Each structure stands twice: as structure tokens, then as C-alpha cells.
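Work through the two exercises below with the sequence and the structure open beside you. Try each task before you read its solution.

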Protein chains: 2
Amino acid sequence: MKPQETSLLGYAMLGILQQQPLSGYGLRKIFAATPLMAFSDSPGAIYPALERLQQRGLIRGRIQKGSGLRRRRVFKLTPQGLVHLRRWLEKPVTREDVVRGADGLLLRFSFMDGGLGRAHSARFLQALEKELAAYIPGLREFLKSPPGEMPLSGRLALESGVEGYEALLHWARRGRAVYRKELRGDAL
Amino acid sequence: MKPQETSLLGYAMLGILQQQPLSGYGLRKIFAATPLMAFSDSPGAIYPALERLQQRGLIRGRIQKGSGLRRRRVFKLTPQGLVHLRRWLEKPVTREDVVRGADGLLLRFSFMDGGLGRAHSARFLQALEKELAAYIPGLREFLKSPPGEMPLSGRLALESGVEGYEALLHWARRGRAVYRKELRGDAL
DNA sequence: AGGTTCATGTAACCCGTTACATGATTTC
DNA sequence: GAAATCATGTAACGGGTTACATGAACCT
């Protein structure tokens, strides 16, 4: 039994709060306005999640009521929260991560520059490339010899999945090239 | 309050059971063996789900114990179950479907040949193309003018999402071409 | 006889969804 | 002063995860 797991939503909130302290409503607005990060902006998800993070000492909220504003609780990371986030960002890229789908990995990556620095982001992409390059051939193999003939639509659907992974691989390669350029110019 | 929603897992089971009657264990093996359909093969997910589907009259299981086999319940769709599945497959492709991600759409599509026939699969791809073509430019726009500067890794992560949609669009176009060829040769 | 695979279940927990509720503040 | 927006919550429900439990059949 793992001591305390944090959901993707939880990490998403930690990642955003690390960039800027925000109220629950502020988080909702971000989730609602950002396509491609499919987190719900429903209060029923966010406020309890904030409560849980605070209970675990990862964030702290203080009521802000200066100058005629409505009362709102602005949350920011605690030092432990920052450690927790970093620990997550630092996790190695495993085959399992890849199998589960791109969402978790991309969420991690999106906070990586801010949480660990660009050099680490580049290394993450490299690790991702390696896992993908090792994973994809097996998928292609599976497509070639499916257990029991499947209908055309079924086969096409699987193909779409494989191509999704291939697109991710190409993206990772291109992304790493961008980092190479950036880091060359940077202080290092 | 919608009367009774069916989860993706439920539809996945209906779709598979439509192709071939199977036991809970049989479903587990399929889920475990098929990459790219990220359904858990855990009994704690499957057996309760089967129970729910049966309760709603969508499937019926009968105990099979011929010839020294261990007892096992083999499930098959009821007529209502088939209707329920078809109703789901027939749903129009909405923007919301696209926003939620490809998973649900691809699951639907993968059962479409068997549930509704190839002509319908082709039309589904056409509708999907249309939605994607309408959706993607907005994402590109969002990428161009992000609200508040974001770190490089954040921007790249979003880009990956957009490219995923673009890959899906290309796949749909190619898939439709395949159906055009197939249907030309078919009885029609 | 003992381990592996087959096969079905159950219980506790977590957490996201949906819907409802409340009130302050700004805007028209 | 009515409507819209800001802002925070709560309660019921559903369903997936993890872990545990059980036992038959098969293999060695």
C-alpha cells in the first residue's frame, strides 16, 4: 500500500501553483481556458483536491481580503510541496508510463522547465525517445499478426494508436533538437 | 439526471461480446493482451461491470460446465444490448467528443464495421475529419498567443497535443480512402 | 503432493462527476 | 434592483484500483 498517491489533477495543480500562486477559482479558469489539458474545471473536483493537498502539507492557502475584494483563498506551494512536485518530475520514464498513454508524460514535461530546468527537460525527451523507440516495434508487430482476424475498422483503430506513438516520437526528437539549440546559447 | 450511462469499459465489453460470446476471464485476457486499449484486466473492474450490464438487461450469461471444464459464465449480448451498442455507435461526432480526446472515438470506430457496417464507418471518418478540421485551427491559434508567457516545455507539450490531433486527421483521411476502395469492390 | 493456470468473486478506498447551495460584488 | 460574474463549498453517486479470498483443474 503506497503511503499517499497524488492524482494527475493534483500534480497539475501543484505544477501550476509553482508557477504562480492562485485561488481555486483561478485554477478553474486556467483549466477551463486551456484546451489539450483535459482537466475539469468543476468545483467538485478542484476544491476537494485543494483540501487534500493542503492536508498533506503540500500547499498552503491564505485568505486574501484586501481592498474590497471578495474573500478568496490564494494557495501556494510549501517547501514540501515543491519537493513532492520535483520528485514526480524527476521520475524516470518507464515503459509503463508509455503504455498508459501520453497524458501523464506530457503533463510532467510541461512543468519540467519551471521545476527542474531545461537541461533536465532535454534529458527527459531523450529518455522518452528511447522508450518509444523500444516500444513501437512491438506494436507494429502486433498489428501485423493480430490474434484472430479483426474487422477493418478495428485494425485501423489500432493503427491510429500506433501512429499516435510515432507522432510522439517525432515530436520528442524535434523537441530535443530545440533544446540543443537553446542550451548551446544559454549559460551552462 | 440521465437514466443510466454506460462507461467506456462497459461499451468495450459490449463491443467485444458482440463479436464473440466470452467469459469474464476471456475478456480479461483480451484486455491484457491488447495494447493500445488501456482497459484494466483486473477482476475488480470487469466482474462488477458485467454484473451491471446484466442487471440492465444488455447481456446475459449462462453457466457452461460441459465436459469437465471449470465452471464459467459465458456472456452474450441480448437484443437490447445490441440496440444499446448500436445507439452508441450511431451517435454523431461532436466537438465535445473531439475535445475529450481520441480514446472514446477510436473505441467506437473499432466496433463500427461489426456493429453497423463499413458504409457507416466511412461516414464516421468523414464526420470526424470535419470536426477535426474545424477544431485544429483554434488550437493553433491558441498556441500562437498563449495567455501569459509559458516555459518552453509547456509550449512544446501543447504542441504535442495539437500534433496528435493533426495525426488523427491524417489517419482519418487515409482511412476513408481505404474504405472508398473497399466499398467500390463490395456489394453495395 | 504442490505449484501454476483457470476462473470468479468481494470489500475498502479514492476520487471525479453532477448537481445543488450560498453569498458577495460588479454591471446594466 | 435584477442579472451576471466572482468565489467557495457540499452531498450523492458511480465506478475504477488494489488487495484479498476461494476453489477447481491441470501439470510434474
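**Exercise 1.** Find which partner the side chain of B:Y47 has on DNA strand C, and then work out what surrounds this strand in the predicted model.

*Solution.* Begin with B:Y47, where an N or O atom of the side chain is 3.0 Å from a phosphate oxygen of DNA strand C. Next turn to B:Y25, whose side chain likewise places an N or O atom 2.6 Å from a phosphate oxygen of that strand, and then to A:S40 in the other chain, which has a polar side-chain atom 2.8 Å from a phosphate oxygen.

Now widen the view to the 22 residues around DNA strand C, of which A:S40, A:G44, B:Y25, B:R28 and B:R73 come nearest. Of the strand's atoms that come within 4 Å of the protein, 74% belong to sugar and phosphate.

Finally, sort the residues of this surface, which gives six nonpolar, eight polar and eight charged. At least two residues each are supplied by helix 3 (43-55) of chain A and, from chain B, by helix 2 (24-33), helix 3 (43-55) and strand 3.

**Exercise 2.** Determine the order of the strands in the open sheet of chain B, and explain why one side of strand 1 is left without a neighbour.

*Solution.* Start with the pairing of strand 2 and strand 3 (residues 72-77), which run antiparallel and are joined by six bridges; here B:R62 stands opposite B:V74 of strand 3. The three strands follow the order 1-3-2, with antiparallel pairing. Strand 1 (22-23) and strand 2 (59-64) therefore stand at the edges, and because each has a single partner strand, one side of each has no neighbour in the sheet.

Notes
Residues are numbered from 1 along each chain as its sequence is written. Chains are lettered from A and ligands numbered from 1 in the order in which they are written. This is a predicted model: local features need pLDDT of at least 70, side-chain atom pairs count only at pLDDT 80 or more; totals for chains, interfaces and linings use all residues. Side-chain values use heavy atoms; hydrogens and water are left out. Two strands pair if DSSP finds at least two bridges between them. Helices (H or I, at least four residues) and strands (E, at least two) are DSSP runs, numbered from the N terminus. A residue is near a molecule or strand if one of its heavy atoms lies within 4 Å of it. A polar contact is a pair of N or O atoms within 3.5 Å; within protein, one must be able to donate a hydrogen and the other to accept it, and residues adjacent in sequence count only if both atoms are side-chain atoms. Ala, Val, Leu, Ile, Met, Phe, Trp, Tyr, Cys and Pro count as nonpolar, Asp, Glu, Lys and Arg as charged, and the others, Gly among them, as polar.
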